[in-house]
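User: Hi! Could you take a close look at the part around the ligand for me, and then show how the pieces that build it connect to the rest of the fold?

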Amino acid sequence: MRQAEHVVVVGGGLGGLAAAIRCAVAGRPTTLIEARPNVGGKLNIVRDQGFVWDIGPSLLTMPWVLDDLLRVAGSSLAAELDVVALPSACRYMWADGTRFDAMASLPALIQSIAAINPRDVGNFMRFMQYSQQLWDLSANQFLYTPMTGWQSLLDWRVLRDGWRLDGLRTMDVAVRSFFESPQLQQVMNRFATYNGSSPYRTPATFNLIAWAEFGFGAFYPRGGLYRIAEVLQATAARVGVDIRTATTVTGIHHQHGRVCGVTTSTGETIATQRVISNVDPQVTLAKLLDGGAGRAQRLARRELSTSGFVVLWGLRERYAQIDHHTICFSPDYRAEFADTDAGRLHATPTIYLNHTVDYDANHAPAGSQNVFALVNVPATRGSQIDWPNVAAGYADQMARQLETRFGLAGFRQNIVVQHILTPHDLAQRYNAPGGSIYGLASNSALSAFMRPPQRDPQIAGLYYCGGGTHPGGGIPLALLSGKHAAQLVE
Ligand SMILES: Cc1cc2nc3c(=O)[nH]c(=O)nc-3n(C[C@H](O)[C@H](O)[C@H](O)COP(=O)(O)OP(=O)(O)OC[C@H]3O[C@@H](n4cnc5c(N)ncnc54)[C@H](O)[C@@H]3O)c2cc1C
């Protein structure tokens with residue numbers, strides 16, 4: 001019997017891990033090569049002075065995607081991780097003292113909404129119906145199907161139902177047509193940031209994200225999000241993936257239009273006819289694929305999703321006002337996105353906070369709190385922000401804002417340890433173009449069709465997975481992209 005062809009997966013982010021596990025389970029000898037000392041990519045971890053922080057994702061949605069992957073490998077999510085369904089997906093706070101807890105239980109959620117505006121309870125129900133419909137109409141074609149070109153997403157159902165996908169108005173226009181309260185409008189508009197876009201430009205189709213969170217729930221794996229990477233690494237090893245960390249792929253080579261091998265930073269050349277790149281397609285073309293630079297330039301002209309400014313704070317005291325996930329909203333959301341779109345930093349940005357000590361007491365010394373803070377900022381491409389000179393001041397400005405506008409008294413004095421990650425760090429650590437978190441922006445009605453396809457159109461045997469390709473960024477989507485790439489290899 002002929003042995004199945006060897007597959008090399010470049011990059012051990014979530015997409016790469018998912019693809020490698022699936023290829024190995026399908027019986028292919030599989031090698032995964034990761035440049036960093038550990039796998040996980042943007043899902044990563046920092047430990048310092050008794051504090052532990054997840055430094056990338058902090059919110060798990062659509063956990064069945066992870067379960068499906070683990071089941072393919074003979075296990076399950078329940079067997080591998082203790083996943084908590086969060087009682088509140090997020091606490092939203094405004095400087096005037098208004099709070100909104102997005103409770104998981106419907107009666108509690110109705111109470112939260114009624115406390116903001118009783119008339120918006122019915123509006124919320126109608127919005128959920130609409131959001132669920134968007135999800136039902138698009139999930140199968142846009143999430144669960146591999147993409148080999150824009151035509152592959154256009155089946156008869158998309159043509160029949162396209163007008164119902166609400167792609168011709170923006171998220172914000174649609175949200176305002178449902179909700180009276182400016183606060184609830186801001187809450188629903190925030191879902192645009194889940195793919196790094198702007199609610200004032202992204203198509204209303206992305207209102208389906210609200211259903212993914214309100215309808216299906218928000219989750220936290222005890223031990224922290226990094227446990228997902230650890231479990232996937234152990235699963236990959238168990239199904240036979242040869243995992244090589246601290247090894248960079250320096251070239252992907254081809255002959256006569258077909259992949260023939262990769263070279264690595266250790267000087268090794270691995271002959272293979274199948275490569276799945278978990279590195280952003282633009283970077284793969286520009287830096288790795290022989291002769292890919294021209295095509296990379298065309299991708300480099302496209303708008304990137306936002307990047308992130310991350311501050312990790314170890315605090316000597318705990319602030320009960322900060323829930324597991326908390327958003328401290330900016331006073332003028334439209335102005336904030338206008339600044340980001342123009343490549344500028346906003347003076348009073350929306351600050352996302354996460355801490356994990358309620359579920360993992362050992363993530364901080366007794367009585368202390370591990371706070372991860374994230375502000376959406378422009379990717380470095382198209383922005384002139386002088387990060388080395390402004391980063392420390394911007395972190396201080398955020399801490400000051402938490403103190404003075406959101407009532408976290410003495411916040412700055414309580415900081416024991418601080419780490420900062422700028423868009424430059426994200427670009428450098430993960431080979432992410434411009435430090436963008438979600439690859440290309442989703443600010444146009446056609447963005448889903450214009451993501452780089454998962455099978456290279458010119459080089460046979462080269463496939464792509466990860467947040468930079470289809471269906472997009474975020475934990476579940478990156479995992480799905482790995483599934484699609486493995487399917488295409490088969
Ligand atoms: C600050 C932040 C917050 C986020 N919050 C959330 C959240 O709450 N929920 C959510 O679902 N998602 C969130 N995300 C998005 C999510 O983390 C990503 O979409 C997902 O992890 C991306 O996975 P990926 O498969 O694209 O791989 P990546 O994470 O991009 O990993 C690519 C891997 O390839 C490696 N690599 C690059 N070049 C080479 C080379 N030449 N040779 C070998 N290896 C190479 C890199 O080192 C990296 O490990 C967040 C991301 C960030 C940065």
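Analyst: Happy to; what follows starts at the ligand and works outward through the helices and sheets. Please keep in mind that this is a predicted model.

**The shell around the ligand**

There are 37 residues around the ligand, and those that come nearest are Gly 11, Gly 13, Gly 15, Gly 41 and Gly 466. By class, the shell holds 18 nonpolar, 16 polar and three charged residues. Which elements supply at least two residues each of this shell? They are helix H1 (14-25), strand E14 (307-315), helix H15 (423-430) and helix H17 (475-489). H1 gives the largest share, with three residues.

**H1 and H17**

Two of these suppliers, H1 and H17, also pack on each other, at an angle of about 40 degrees and with their axes 7 Å apart. The crossing is right-handed. From H1, the contact is made by Leu 14, Gly 15, Gly 16, Leu 17, Ala 18, Ala 19, Arg 22 and Cys 23. From H17, the partners are Ile 475, Ala 478, Leu 479, Ser 481, Gly 482, Lys 483, Ala 485, Ala 486 and Val 489. In classes, this contact has 11 nonpolar, four polar and two charged residues. Gly 15 thus has two roles: Gly 15 is among the residues that come nearest to the ligand, and Gly 15 also belongs to the contact between H1 and H17.

**The parallel sheet under H17**

H17 leads on to a sheet, since H17 lies across E1, E13 and E19 and runs at about 160 degrees to E19. Those strands belong to an open sheet of five strands, in the order E9-E2-E1-E13-E19, with parallel pairing. Strand E9 (242-244) and strand E19 (462-464) are the edges, each pairing on one side only. From one strand to the next, the twist averages 20 degrees. Within the sheet, strand E1 (residues 7-10) and strand E13 (residues 274-277) run parallel and are joined by four bridges. One of the pairs to look for is Val 8 with its bridge partner Val 275 in E13.

**H11 and H12**

E13 and E19 turn up again beside another helix: together with strand E10 (249-255) and H12, they are included in what covers the buried residues of H11. H11 is mostly covered, as six of its eight residues are buried. These are Pro 281, Gln 282, Val 283, Thr 284, Leu 285 and Leu 288. Helix H11 (residues 281-288) packs with helix H12 (residues 293-300) at an angle of about 145 degrees, with the axes 7 Å apart. The crossing of H11 past H12 is left-handed. On the H11 side, Pro 281, Gln 282, Leu 285 and Ala 286 take part, and they meet Ala 293, Arg 295, Ala 296, Leu 299 and Ala 300 in H12. By class, this contact has seven nonpolar, one polar and one charged residues.

**The mixed sheet beside H15**

Back at the ligand, the other two suppliers, E14 and H15, lead to a second sheet. H15 lies across E14, strand E17 (369-377) and E18, and runs at about 100 degrees to E14. This sheet is open and has seven strands in the order E7-E6-E15-E16-E17-E14-E18, with mixed pairing. At its edges are strand E7 (99-103) and strand E18 (415-421), each of which pairs on one side only. Neighbouring strands are turned by 20 degrees against each other on average, direction ignored.

E15 shows how the mixed pairing comes about. Strand E6 (residues 88-93) pairs with E15 in the parallel sense over three bridges, whereas E15 pairs with strand E16 (residues 351-354) in the antiparallel sense over four bridges. Cys 328 has a partner in each neighbour: Met 93 is bridged to Cys 328, and Cys 328 is bridged to Ile 351 in E16. His 325, for its part, stands opposite Asn 354 in E16.

Which residues of E15 point which way? In a regular strand the side chains alternate between the two faces of the sheet. Strand E15 (residues 325-328) follows suit: His 325 and Ile 327 point one way, Thr 326 and Cys 328 the other way, and all are buried.

Terms used
Residues are numbered from 1 along each chain as its sequence is written. This is a predicted model: local features need pLDDT of at least 70, side-chain atom pairs count only at pLDDT 80 or more; totals for chains, interfaces and linings use all residues. A residue is near a molecule or strand if its C-beta atom, placed from the backbone, lies within 6 Å of it. Ala, Val, Leu, Ile, Met, Phe, Trp, Tyr, Cys and Pro count as nonpolar, Asp, Glu, Lys and Arg as charged, and the others, Gly among them, as polar. Axes are lines fitted to C-alpha atoms, for helices over the stretch in contact, and angles run from 0 to 180 degrees between N-to-C directions. A crossing is left-handed if the near helix is turned anticlockwise from the far one by less than a right angle, and right-handed if clockwise. Two residues are in contact if their C-beta atoms, placed from the backbone, lie within 7 Å. Two strands pair if DSSP finds at least two bridges between them. A residue is buried if 20 or more other C-beta atoms lie within 10 Å of its own, exposed if 12 or fewer, and partly exposed in between; C-beta atoms are placed from the backbone.
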